[in-house]
Structures are given as structure tokens and as C-alpha cells.
Amino acid sequence: MNLIAVVDIAHPDLALTPTIHACSDVTIQVVPQSATDSKTGMFFFTVENADETLETVLDEDHTVAEWELVTDSDTTRAYRIRHPEETKLISPKTSELSGLMREATSNARGWTVRLQFPDRAALATLSDYCEARDISFDLTQMFRQDEWTGSEPTGLTEPQRVALVTAYERGYFEEPREAHLSDIAQSLGLSPTAIGGRIRRGTAKLIETALIRD
């Protein structure tokens, strides 16, 4: 049995937190499959909805020692970023506890992370670790998973799932529409641009996984 936990974490010294606060319209994700090395503080990130101000903000972010633009498309940029030693990270402790960080996506306060652990004891140890370092640790979802796998059948990220479910529950998909993007954004503490992107990409992923046949 494996335990999946979805947790919101926040602290001013967590990786890229100043950038997240300064650029509320962007969505930042850690690239979990990249060959990162927590000992050097070097990680890869994708950034959606970025504009020309992002890199100025990265220069001023105290959790960024150096950054490099790896690739740039119309909607998404990829960066290789090194963090200084004082930056707070939970990924090394997660690995130490035989866990995996399956996903990490920015939210209004910090990060939403999807963690996979062998048991509840490991998750509790990580929670204690964060509490000792004043890192906010808000468990929002927890469930068991029989197989050691990294994704759900839909392929949705957790933020995409939350955005779609919230939009559905608020009547965004009704005719006539009972809620607008601004309503969904306000309820989730994000910008309409960010929520619109998550709904659009989540819908595309659902179509790809549920309706498209090879």
C-alpha cells in the first residue's frame, strides 16, 4: 500500500515564493522527472503565462542564486534554477523518508505538492519536520494507492482537478453560465488568467485521455 497526500506548503523562504507572490498570473511547476540534485540546490521549473517582468523578479528573488532559460515557447518557459543553501526545501527530507514528490505547482501562498509515501508514519514525520521549521503544512487530501505509480488515470495535475471541480460546482459549465472565471479565481485565491489556463489545460487533458483513441 502506498499513501498519496496532497499538501499546501508555505514559507517566505521556500523556493521561488517571492516570485510566486510578485507574479500572481503565472503558474510554476517543478519538473519532477528532471535530473535534479538537491545537494547542489539545482532544479528545473516550467512557467506558464510569464511576461517580460518575470526574469527581473527572478533576479530579485532571494531564493534564487542563479537561473538559466532552457526553452521558451508561446505559452511556457523552462528554467534551470539554483537555490542558495538557506532556501527551504522539502524534497530532500521527502526522499530521506523513502517518499517521492510527484508534483509541485505554485498556488497563491506557496506550493501545492503531491507526495507519495510508503505509510502514514513517513507523512507524519515530514509534517513534524515542517512544523519545526515554521513551514505551513496543510493536508488537503489523502488516499491510498495500491500501485506505485505517479499519476491518476485522467492525467490531470492536482491544481487542474481542483479548478475543474470548483468550476463545475459553481456552475461555470451551466447554460446560462452561473459563475464566471473571476468567481472561480476569487474562491481559489488566484487570478482569472491562472484559473482560465488550468481549466483550459485540464479540459484538453481530459479529452486527450478519455476521448482520443490511438
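Guide: Ala, Val, Leu, Ile, Met, Phe, Trp, Tyr, Cys and Pro count as nonpolar, Asp, Glu, Lys and Arg as charged, and the others as polar. Keep that in mind for this predicted model.

Visitor: How many residues of each class are in the lining of the second largest pocket?

Guide: A probe the size of a water molecule, rolled over the atoms, shows where empty space is left. Here the second largest pocket has a volume of about 330 Å³. Of its 15 lining residues, Asp8, Asn107, Thr112, Val162 and Leu188 are the closest to its centre. By class, the lining has 6 nonpolar, 4 polar and 5 charged residues.

Visitor: Which element supplies the largest share of that lining?

Guide: Helix 5 does, with 4 residues. Strand 1 (2-10), strand 8 (136-145) and helix 5 (158-170) each give at least two.

Visitor: How many aromatic pairs does a search of the whole structure find?

Guide: Two aromatic rings are described by the distance of their centres and the angle of their planes. The search finds 3 pairs. One of them joins Trp67 and Tyr79, edge-to-face, at 5.8 Å centre to centre and 75° between the planes. Trp67 lies in strand 4 (residues 66-72) and Tyr79 in strand 5 (residues 76-82), 12 residues apart.

Visitor: Is Tyr79 buried or exposed?

Guide: Tyr79 counts as buried, because its relative accessibility is 1%. Trp67 has 26%, so Trp67 counts as partly exposed.

Visitor: What kind of pair do Tyr172 and Phe173 form?

Guide: Tyr172 and Phe173 are edge-to-face, 5.2 Å centre to centre, with 80° between the planes. Tyr172 is buried at 12%, while Phe173 is partly exposed at 44%. The charged end of Arg177 also sits over the Tyr172 ring, 3.9 Å from its centre.

Definitions and conventions. Residues numbered from 1 in each chain as written. Predicted model: local features only at pLDDT ≥ 70, side-chain atom pairs only at ≥ 80, totals over all residues. Heavy atoms only, no water. Phe/Tyr/Trp six-rings, centres within 6.5 Å; stacked < 30°, edge-to-face > 60°. Buried < 20%, exposed > 50% of the residue type's maximum accessible area, 1.4 Å probe, protein only. Lys NZ or Arg CZ within 6 Å of the ring centre and 35° of its normal. 1 Å grid on protein atoms, 1.4 Å probe; cavity = no way out; pocket = protein on both sides within 12 Å on 5 of 7 lines; lining within 4 Å. Points joined across faces, edges and corners; volume = space filled by probe spheres on them.
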